[in-house]
Amino acid sequence: RSVGGATESHWWVTLAFANSRLGVVVRGTGVEQAAHCDLSVYATSDGGASWSVPVLVTRRASCNAGGSTDEMAITTDGHWFLATPQGLFQGQVNRTGSELVQVTHLDRSTPTETICSVAAFGRAVWLTLADSCGLRSPSILLYSGNDGATWTHRTAPLGFVVDSASTFATPPDSLAATGPGSLWLIGSATANGRFVVARTTDAGRTWLSSTPPCK
């Protein structure tokens, strides 16, 4: 389809599966290099044999959005979460519509933060917030044990490393949930050029960290 002389395109943005049957994928629709594009969510509860009618979540997304599975998560009872610069879109498989949750509702102490990544396991959901997503931007970790109904502020285990020349932030850059209270994360390079991996098994109350043998 032609829009203002340019060809409209479609692309898959991100996806998340809770198990072999229950999952969601996001499709982007728009014109390359345009300011805003549409994002639509498709859900399946039978392993992709059939898909729901798409839920249009936003018409304001960046056309360059997507490309990372950290942007979406789904719980085992079908609640899905899509992290965008606008906020956190959430919905439920087999239900129409979605809700946009602003960062101020999630964490009132840091209203200017952006949602960078999301992960889920069971009914547990994790979010990272940062002033600027990506490496070397200090971030905040939020935890919900009830499908996102309420959120708890957790202290991320990766802080600042300071040397004589400069300060490097080491925020959670990627998340992997492996249990209701179990989360793995990796931080950006520290002042000595290494990465840090941290794990919690008690929903972020305590952490164990290690440094992979990167060269």
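These legends accompany close-up views of a predicted protein model.

**Figure 1. The whole chain, with one helix and 19 strands.**
The protein chain has 215 residues, and 47% of them count as buried. Its accessible surface comes to about 11,000 Å². Carbon and sulfur atoms make up 50% of that area. Among contacts with a separation of 6 or more, 38% join residues 24 or more positions apart.

**Figure 2. Confidence along the chain, which averages a pLDDT of 79.**
A pLDDT of at least 70 is reached by 74% of the residues. Residues 160-171 have a pLDDT below 50. In the model, this stretch still has 38 contacts beyond near neighbours in sequence.

**Figure 3. The second largest pocket, with a volume of about 260 Å³.**
Its lining holds 19 residues. Which of them lie nearest the centre of the pocket? They are F17, A73, A119, A120 and A177. Four strands each supply at least two lining residues: β2 (6-17), β6 (72-74), β10 (114-121) and β16 (172-179). The largest share, four residues, comes from β10. By class, the lining divides into 14 nonpolar residues, four polar and one charged.

**Figure 4. D38 in strand β4, which spans residues 37-44.**
D38 and T58 are 20 residues apart along the chain. Their C-alpha atoms are separated by 5.7 Å. T58 is also one of the residues that D38 touches. The others are R27, G28, T29, L56 and R59, with residues up to four places away in sequence not counted.

**Figure 5. Y42, a second residue of strand β4.**
Is Y42 buried or exposed? Its relative accessible area is 15%, under the 20% limit, so Y42 counts as buried. Not counting residues up to four places away in sequence, Y42 touches W12, G23, V24, V25, R27, W51, S52 and P54. R27 is also on the contact list of D38. L15 lies 27 residues from Y42 in sequence. From C-alpha to C-alpha, Y42 and L15 are 9.4 Å apart.

**Figure 6. Q90 in strand β8, residues 87-92.**
Q90 is buried, with a relative accessible area of 15%. Which residues is Q90 in contact with, leaving aside its neighbours within four places in sequence? They are W80, F81, S98, E99 and V101. Of these contacts, E99 and V101 fall within the span of β9 (99-101).

**Figure 7. N94 and T96 in the loop between β8 and β9.**
N94 is not a glycine, yet it has a positive phi of about 70°. Its relative accessibility is 67%. That value is over 50%, so N94 counts as exposed. T96 is exposed as well, with a relative accessible area of 81%. How far apart in space are T96 and S52? The distance is 9.2 Å, C-alpha to C-alpha. In sequence, these two residues are 44 apart. S52 also appears among the contacts of Y42.

**Figure 8. T201 in the loop between β18 (196-200) and β19 (208-210).**
T201 has a relative accessibility of 55%. The cut-off for exposed is over 50%, so T201 counts as exposed. Leaving aside neighbours within four places in sequence, T201 is in contact with G181 and S182. G179 is 22 residues from T201 along the chain. Their C-alpha atoms are separated by 7.8 Å. G179 falls within the span of β16 (172-179), one of the strands that supply at least two residues to the pocket lining.

**Figure 9. A203, also found in the loop between β18 and β19.**
Is A203 buried or exposed? A203 is buried, with a relative accessible area of 5%. T201, in this loop too, counts as exposed at 55%. A203 has a positive phi of about 60°, although it is not a glycine. N94 likewise has a positive phi, of about 70°, but N94 counts as exposed.

Conventions: Residues are numbered from 1 along each chain as its sequence is written. This is a predicted model: local features need pLDDT of at least 70, side-chain atom pairs count only at pLDDT 80 or more; totals for chains, interfaces and linings use all residues. Side-chain values use heavy atoms; hydrogens and water are left out. Buried means under 20% relative accessible area, exposed over 50%, partly exposed in between (1.4 Å probe, protein chains only). Contact means heavy atoms within 4.5 Å. Accessible areas come from the Shrake-Rupley method with a 1.4 Å probe; for residues, only the protein chains shown count as cover. pLDDT is the predictor's confidence in each residue, from 0 to 100. On a 1 Å grid over the protein atoms alone, a cavity is a set of points where a 1.4 Å probe fits but cannot get out, and a pocket is an open set with protein on both sides within 12 Å along at least five of seven lines; lining residues have an atom within 4 Å of a point. Grid points are joined across faces, edges and corners, and a volume is the space filled by probe spheres set on the points. Ala, Val, Leu, Ile, Met, Phe, Trp, Tyr, Cys and Pro count as nonpolar, Asp, Glu, Lys and Arg as charged, and the others, Gly among them, as polar.
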